[in-house]
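The following paragraphs guide a reader who is new to this structure through several of its features. Please keep the sequence and the model in view while reading.

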Amino acid sequence: MNSTDIATYLIQHPQFFEEHAELLSAIKLTSPVMGRAISLQERQMEVVREKYRTLELKLSDLMRNAEENHDITRKFQRWTRELLMARNDVDLPHILTRGLQDIFDLPHATLRLWNVAPEFAHTWFAESVNDDARLFARGLQAPFCGANQEFEAANWIESDAAVKSIAMLPLRTQAGAAVFGLLVLGSPDPARYTKEMATDFLVQIADTTSAALACLIQQ
């Protein structure tokens, strides 16, 4: 019999060790934990303990993720509440970007809107945006995250430190609609926004921003 045959036999005859209980203490195995020969019973306990430790680590990861998600949800609710509390439409862009920085601890946040209603044409958020930036924004189907490759949008950020990484979120009233603006998040840390990062939460930020600022756009 080879080892496979033996394993198959033991699986098919689970009562074997009940009938030969003396083997449980007689069989010696090398322990990777203790570094010496131990009985089959002791090895089984090691395996159980290792599985238990693995489950503990997984549970710890799940709890940490749950806490992080709860924290993000709490911050998102607080940010959304500030938008709803705004009394003047013209104040919305400042409240929105300042809230992102303060509540989510972001280094920089700014935005630009185009096709704004005439009464908002004089504002900072309606400043001129070149055709290349608009074309880039129109081509975004999801938030862009990555290194700052001398994007014009990075120049909208007022900062003494160079913007090394950037996230650009296209603003639309609904999926498939024309882009009417760009929300820009920047950081001096080149690893803050990367191509590999998940963008699900940024999509929610963009959707809420779009809904909040749609009232500034010329209908």
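In this predicted model, the largest nonpolar core comprises 32 residues. Those that touch the most other members are Trp79, Leu96, Leu100, Leu113, Leu183, Leu185 and Leu213. Two or more residues of this core come from each of the helices α4 (40-85), α5 and α7 and from each of the strands β3 (108-113), β5 (165-171) and β6 (181-187). A second core, separate from the one just described, has 17 residues, among them Phe144, Ile157, Leu182 and Val184.

Leu96 offers a convenient point of entry to the larger core. When residues up to four places away in sequence are not counted, Leu96 touches Trp79, Leu83, Leu111, Leu183, Thr209, Ala212 and Leu213. Leu96 also belongs to the residues of α5 that meet α7, and the pairing of these two helices is considered next.

Two packed helices are described by the angle between their axes and the distance between the axes. For α5 (residues 92-104) and α7 (residues 200-213), the axes come within 10 Å and cross at roughly 155°. Angles over 145 degrees count as roughly antiparallel, and α5 and α7 are therefore roughly antiparallel to each other. Their crossing is right-handed. On the α5 side, the contact is formed by Leu92, Pro93, Leu96, Leu100 and Phe104, which meet Phe201, Ile205, Thr209, Ala212 and Leu213 of α7. By character, the residues of this contact comprise 9 nonpolar and 1 polar, with no charged residue.

Helix α7 also contains Thr208. Is this residue, Thr208, buried or exposed? Its relative accessible area is 18%, and buried means under 20%, so Thr208 counts as buried. Apart from its neighbours within four places in sequence, Thr208 is in contact with Phe76, Trp79, Thr80 and Leu83. Two of these names, Trp79 and Leu83, also appear among the residues that Leu96 touches.

The loops present another kind of feature. Most residues other than glycine have a negative phi. Asn115, which is not a glycine, nevertheless has a positive phi of about 60°; this residue is found in the loop between β3 and α6 (131-138). Glu150 likewise has a positive phi, near 55°, and is located in the loop between β4 (144-147) and β5. Because exposed means over 50% relative accessible area, Glu150, at 78% relative accessibility, counts as exposed.

Methods
Residues numbered from 1 in each chain as written. Predicted model: local features only at pLDDT ≥ 70, side-chain atom pairs only at ≥ 80, totals over all residues. Heavy atoms only, no water. Axes fitted to C-alpha atoms, helices over the stretch in contact; angles between N-to-C directions. Helix = DSSP H or I, 4+ residues; strand = E, 2+ residues; numbered from the N terminus. Parallel < 35°, antiparallel > 145°, perpendicular 65-115°, else oblique. Left-handed = near helix turned anticlockwise from the far one by under 90°. Contact = heavy atoms within 4.5 Å. Nonpolar A, V, L, I, M, F, W, Y, C, P; charged D, E, K, R; others polar. Core = buried A, V, L, I, M, F, W, Y, C linked by side-chain atoms within 4.5 Å. Buried < 20%, exposed > 50% of the residue type's maximum accessible area, 1.4 Å probe, protein only.
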